[in-house]
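Q: Could you take me through the charged side chains in this one? I'd like to go pair by pair and then look at anything odd.

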Amino acid sequence: MTDAGAALPPLREVIRRHGLDARRTLGQHFLLDQNLTDRIVRVAGPLAGYGIIEIGPGPGGLTRSLLAAGADPLVAVEKDPRCAAAIRELAEAFPRRLQPVEADALDVDVRNLAPAPRKVVANLPYNVAVPLLLGWLRHAEDFAGLTLMLQKEVAQRLAATPGQPAFGRLSVIVQWLCTVEYQFAVDRRAFVPPPNVISAVVNLTPRPQPLAPASWQALEAVTQAGFGQRRKMLRSSLRPLGIDAAAVGIDPARRAETLSVAEFCALARLHAAQGVEATKAGWSP
Ligand code: SAM
């Protein structure tokens with residue numbers, strides 16, 4: 001930690017002074033163990049030369065670790081005015097480097113807050129973690145990395161490969177755009193207060209290009225159809241879309257959960273092409 005960091009008050013004192021009794025509606029489960037927050041920061045790799053964005057800094061434990069590792073600039077977006085006040089206080093010790101933003105992260109385009117290349121490093125509030133991630137991935141190429149702590153079950157879905165029980169729509173959409181590395185699980189007792197679920201850290205690195213050509217909309221449609229009835233063969237699960245997997249060399253007797261991301265992209269291209277044909281023929285609105 002820098003000289004400024006060495007003089008900081010203990011996090012428990014920050015919590016007490018700012019009255020940060022945790023609100024479950026805001027997913028508030030704080031990390032007070034600096035060894036753990038330092039470990040999360042190490043997963044993010046080099047910070048020098050990147051604009052770093054933290055969502056939900058809370059009392060600032062992870063924020064302090066990011067600052068100690070050299071994050072500059074570090075933009076910290078916090079919705080809770082009580083936590084935002086604590087972060088503004090921390091920012092006084094790191095003028096210009098730490099930039100607090102009091103806002104709902106769902107409402108802001110974080111790309112406007114920090115310069116490229118940029119990384120997101122965050123212990124996300126559980127209830128908005130997936131919508132936030134999918135929002136960022138709409139512009140995946142604008143992020144160099146996303147290091148996220150989230151519910152373990154969600155982290156497993158992000159990283160799951162074909163044939164694993166957690167493999168589903170989220171795995172396909174995210175892996176189409178990013179490489180995903182599941183890092184480590186974190187015990188409930190590491191948080192104040194402990195959540196009901198186990199957490200885990202994942203590292204997402206957006207690909208320079210999506211894994212294979214496809215449109216987001218078509219990929220959503222084919223994964224929804226396939227995984228909506230995951231035990232059924234593609235022959236019947238894709239029937240509502242009117243596409244035949246055999247047309248792109250995929251055995252219609254297979255189930256969605258066995259398909260690779262590239263195979264889903266092939267189905268998405270088929271669906272998009274047939275959608276155009278269908279529209280031309282006046283079949284669909
Ligand atoms: N980073 C801190 C830590 O690790 O101790 C706190 C993490 S806590 C799991 C989630 C944080 O996100 C809380 O500080 C909460 O107030 C904040 N938060 C919840 N919803 C938010 C939103 N929509 N936008 C920004 N921050 C939010």
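Q: Which side chain does Asp80 meet in a salt bridge?
A: In this predicted model, Asp80 meets the side chain of Arg82 in a salt bridge, with an N to O distance of 2.7 Å.

Q: And is Asp80 buried or exposed?
A: Asp80 counts as buried, because its relative accessibility is 2%, which is under the 20% limit.

Q: What about Arg82, buried or exposed?
A: Arg82 is buried too, with a relative accessible area of 15%.

Q: OK, then what's up with Glu78, which salt bridge is it in or what is the nearest opposite charge?
A: Glu78 has no salt bridge although it is buried, and the nearest side chain of opposite charge, that of Arg82, is 7.6 Å away, whereas a salt bridge would need a nitrogen and a carboxyl oxygen within 4 Å.

Q: So what does the side chain of Glu78 reach?
A: The side chain of Glu78 reaches a backbone atom, namely the nitrogen of Gly58, at 3.0 Å.

Q: Where does Glu78 sit, and what does it touch?
A: Glu78 belongs to strand β3, which covers residues 74-78. Leaving aside residues up to four places away in sequence, Glu78 touches Gly56, Pro57, Gly58, Cys83, Ala84, Val101, Glu102 and Ala103.

Q: Glu102 is on that list, so which residue forms a salt bridge with Glu102?
A: That is Arg88, and the closest N and O atoms of Arg88 and Glu102 are 3.1 Å apart. Arg88 lies in helix α5 (residues 81-92) and Glu102 in strand β4 (residues 98-102), so this pair ties together parts that are 14 residues apart in sequence.

Q: How accessible are Arg88 and Glu102?
A: Both count as partly exposed, Arg88 at 40% relative accessibility and Glu102 at 42%.

Q: Switching topic, what does Arg111 pair with, and where are the two?
A: Arg111 meets the side chain of Asp142 in a salt bridge, at 2.6 Å from N to O. The pair links distant parts of the chain, 31 residues apart, with Asp142 in the loop between α6 (129-137) and β6 (145-151) and Arg111 in the loop between β4 and β5 (118-123).

Q: Is Asp142 buried, exposed or something in between, and why?
A: Asp142 is partly exposed, because its relative accessible area is 26%.

Q: Last thing, how many salt bridges does the structure hold, and which residues are linked in a network?
A: The structure holds 13 salt bridges, and Glu13, Arg17 and Glu89 are linked in a network of salt bridges.

Notes. Residues numbered from 1 in each chain as written. Predicted model: local features only at pLDDT ≥ 70, side-chain atom pairs only at ≥ 80, totals over all residues. Heavy atoms only, no water. Helix = DSSP H or I, 4+ residues; strand = E, 2+ residues; numbered from the N terminus. Buried < 20%, exposed > 50% of the residue type's maximum accessible area, 1.4 Å probe, protein only. Lys, Arg positive; Asp, Glu negative; His and termini not counted. Polar contact = N/O pair within 3.5 Å; in protein donor to acceptor, adjacent residues only side chain to side chain. Contact = heavy atoms within 4.5 Å.
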